[in-house]
Amino acid sequence: MQSTLEVTNVQLFPVDKDTTLKAMVQITLNNVLKLTGLKLFEGTDSMYLRYPINPKSKKNLCYTFPLDKELRDYIQQEVIEEYDATVY
């Protein structure tokens with residue numbers, strides 16, 4: 001089993017460009033784990049990735065999320081690069 005995670009596939013589903021939500025996202029890690037329900041948003045200063053939340057939770061708890069900032073930044077950068085290459 002691999003000890004590091006690699007984004008091996010990014011699927012983007014662009015939405016209306018006039019909103020802050022730019023795309024729904026699915027990613028695959030190490031060709032064995034698919035995460036769905038991610039959302040790519042345009043913030044004030046940069047784009048950011050939001051992980052799926054439990055709609056029944058009053059605290060907006062995420063179902064899945066990276067525990068490590070380095071992994072979170074890596075996944076976000078991979079998605080943004082794919083978005084830039086696909087949409088622009």
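Biologist: Among contacts in the chain between residues at least 6 apart in sequence, what percentage join residues at least 24 apart?

Modeller: This is a predicted model, in which local features need pLDDT of at least 70, side-chain atom pairs count only at pLDDT 80 or more, and totals for chains, interfaces and linings use all residues. Residues are numbered from 1 along each chain as its sequence is written, and side-chain values use heavy atoms, with hydrogens and water left out. A contact means heavy atoms within 4.5 Å. Of the contacts in the chain between residues at least 6 apart in sequence, the share joining residues at least 24 apart is 30%.

Biologist: Which pattern does the chain follow along the sequence?

Modeller: Helices (H or I, at least four residues) and strands (E, at least two) are DSSP runs, numbered from the N terminus. The chain has one helix and four strands. Read along the sequence, the pattern is β-β-β-β-α.

Biologist: Which element gives the most residues to the largest nonpolar core?

Modeller: A nonpolar core is a set of buried Ala, Val, Leu, Ile, Met, Phe, Trp, Tyr and Cys residues joined through side-chain atoms within 4.5 Å; buried means under 20% relative accessible area, exposed over 50%, and partly exposed in between (1.4 Å probe, protein chains only). The largest such core has 18 residues, of which V25, I27, L40, L49 and V79 touch the most other members. Two or more residues come from each of β1 (7-14), β2 (21-29), β3 (33-42), β4 (47-50) and α1 (69-87). With five residues, the element giving the most is α1.

Biologist: What percentage of the 88 residues is buried?

Modeller: In soluble globular proteins, nonpolar side chains tend to be buried together. In this chain of 88 residues, the buried share is 30%.
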